[in-house]
Amino acid sequence: MIWLVAFLSCIGLIGAETPFNHNVHNERVIGGHNAKPNTWKWQVSLQLDSYNDGSFYHICGGSLIDSFYIMTAAHCILSMDASAYRVVVGEYNLYEYEGSEQFIRVERIVVHPGWTEDLAKGNDIALLRLARPVYDNGYVAVADLPYPGEMLPHGLICYITGWGLMDDSGSVPAILQVAPIPVVEHSVCSRPDWWGSIALRTMVCAGGDGVVSGCQGDSGGPLSCFTGGAWRVHGVVSYGPAGMCNQVTKPTVFTRVSSFYDWIYSVVV
């Protein structure tokens with residue numbers, strides 16, 4: 001979908017791009033590689049039928065957090081018409097039907113009440129209730145979430161997954177991509193030469209080495225980290241730098257799931 005890009009200037013955050021096409025084009029993890037099939041089972045493709053003609057195209061990632069609920073980024077919601085969306089769980093190759101997929105329509109959209117469409121203010125998170133529950137066919141799993149308020153240590157290696165841009169030439173993948181990406185603690189990410197004041201404590205920064213990053217199409221997807229003896233979705237891809245996605249000292253920024261624990265469970269009841 002759109003990569004709600006931001007960069008630091010003398011006035012701070014600068015707007016967003018519009019959707020770049022109306023095909024199954026998406027964008028991928030830069031610096032990643034093909035994920036092993038049937039591994040990141042909570043990864044979701046969020047798709048939109050913008051012309052109401054039955055032609056869905058990938059716009060964002062997401063995470064399965066309940067048999068009825070998908071977690072994604074608020075900026076991925078281009079319309080509040082739930083009938084325009086579907087999610088695909090058990091997806092691996094976007095261009096091939098492999099028999100592992102479940103295609104499910106969205107019944108209801110719940111955007112965080114604090115979302116203002118200003119990335120600098122945070123709250124970039126939304127929940128989608130599905131029209132029917134996901135069933136366990138061996139290719140899907142409900143994500144574990146972090147503990148309320150949990151903070152990740154600096155340097156912890158987590159993993160970003162998605163079908164986002166692979167490089168600056170605009171190459172897009174068919175197969176789900178994955179890459180290891182180190183956490184950048186808030187005290188570093190909020191430095192003036194990093195993301196400065198738009199890096200909030202309700203966000204997680206990861207990357208910034210100029211090699212690995214999220215990019216267009218990865219928005220809404222998970223940051224998965226092994227903590228507390230389990231793989232947990234600690235982040236939702238929110239924004240990155242304008243221009244090249246993989247810039248030094250401009251890490252990918254995620255909504256910190258642990259900051260929204262109470263809200264999530266007030267919706268998923």
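These legends accompany close-up views of a predicted model.

**View 1. Four disulfides and how they pair up.**
Let us start with the cysteines. How many disulfides does the count come to? The count comes to four disulfides. If you number the bonded cysteines of the protein in sequence order, the pairing reads 1-2, 3-7, 4-5, 6-8. The next three views visit some of these links.

**View 2. The disulfide of Cys60 and Cys76.**
Here a disulfide joins Cys60 to Cys76, with an S to S distance of 2.1 Å. The link connects distant parts of the chain: Cys60 sits in strand β4 (residues 57-66), while Cys76 sits in the loop between β5 (69-72) and β6 (85-89), and the two are 16 residues apart. Look along the S-S bond and you will find a turn of -90°, which makes the link of Cys60 and Cys76 left-handed. Are these two cysteines buried or exposed? Cys60 has 0% relative accessibility, so Cys60 counts as buried. Cys76 also has a relative accessible area of 0% and is buried.

**View 3. The disulfide of Cys158 and Cys225.**
In this close-up, the sulfur atoms of Cys158 and Cys225 are 2.0 Å apart and form a disulfide. Where do the two partners lie? Cys158 belongs to strand β9 (residues 157-162) and Cys225 to strand β12 (residues 222-227), so the pair ties together parts that are 67 residues apart in sequence. The torsion about the S-S bond of Cys158 and Cys225 is about 110°, and therefore the disulfide is right-handed. Both Cys158 and Cys225 are buried.

**View 4. The disulfide of Cys189 and Cys205.**
Cys189 and Cys205 are joined by a disulfide, S to S 2.0 Å. This pair links distant parts of the chain, with Cys189 in helix α1 (residues 186-189) and Cys205 in strand β11 (residues 203-206), 16 residues apart. Is the disulfide left-handed or right-handed? The torsion about the S-S bond of Cys189 and Cys205 is about -80°, so the disulfide is left-handed. Now check how much of each cysteine can be reached from outside. Cys189 has 0% relative accessibility and counts as buried. For Cys205 the relative accessible area is 5%; buried means under 20%, so Cys205 is buried.

**View 5. Strand β6 and its two partner strands.**
Follow strand β6 and look to its neighbours. Strand β3 (residues 43-48) is joined to β6 by five bridges, and these two strands run antiparallel. Which residue of β6 is the bridge partner of Gln47? The partner of Gln47 is Arg86. Strand β7 (residues 102-111) is joined to β6 by four bridges, and this pair also runs antiparallel. Here you can spot Val87 standing opposite Ile104 in β7. Strand β6 is mostly covered, as four of its five residues are buried.

**View 6. Ser67 and its contacts.**
Find Ser67 in the loop between β4 and β5. Is Ser67 buried or partly exposed? Its relative accessible area is 29%, so Ser67 is partly exposed. Leaving out residues up to four places away in sequence, Ser67 touches Leu130, Arg132, Pro133, Val134 and Val142. Try tracing the chain from Ser67 to Ala141: these residues are 74 residues apart in sequence, yet 8.8 Å apart in space, C-alpha to C-alpha.

**View 7. The largest cavity.**
Rolling a probe the size of a water molecule over the atoms shows where empty space is left. In this model, the count comes to three cavities of 30 Å³ or more. The largest cavity has a volume of about 40 Å³. Which residues line the largest cavity? They are Trp115, Leu119, Gly122, Asn123, Asp124, Thr202, Met203, Ser238 and Thr255. Sorted by class, this lining has three nonpolar, five polar and one charged residues.

**View 8. The second largest pocket.**
Our last stop is a pocket. The second largest pocket has a volume of about 190 Å³. It is lined by 14 residues, and those closest to its centre are Pro37, Asn38, Gly90, Glu91 and Tyr92. What does the lining of the second largest pocket look like by class? It has five nonpolar, five polar and four charged residues.

Technical notes
Residues are numbered from 1 along each chain as its sequence is written. This is a predicted model: local features need pLDDT of at least 70, side-chain atom pairs count only at pLDDT 80 or more; totals for chains, interfaces and linings use all residues. Side-chain values use heavy atoms; hydrogens and water are left out. On a 1 Å grid over the protein atoms alone, a cavity is a set of points where a 1.4 Å probe fits but cannot get out, and a pocket is an open set with protein on both sides within 12 Å along at least five of seven lines; lining residues have an atom within 4 Å of a point. Grid points are joined across faces, edges and corners, and a volume is the space filled by probe spheres set on the points. Ala, Val, Leu, Ile, Met, Phe, Trp, Tyr, Cys and Pro count as nonpolar, Asp, Glu, Lys and Arg as charged, and the others, Gly among them, as polar. A disulfide is a pair of cysteine sulfur atoms within 2.5 Å. Buried means under 20% relative accessible area, exposed over 50%, partly exposed in between (1.4 Å probe, protein chains only). Two strands pair if DSSP finds at least two bridges between them. Contact means heavy atoms within 4.5 Å.
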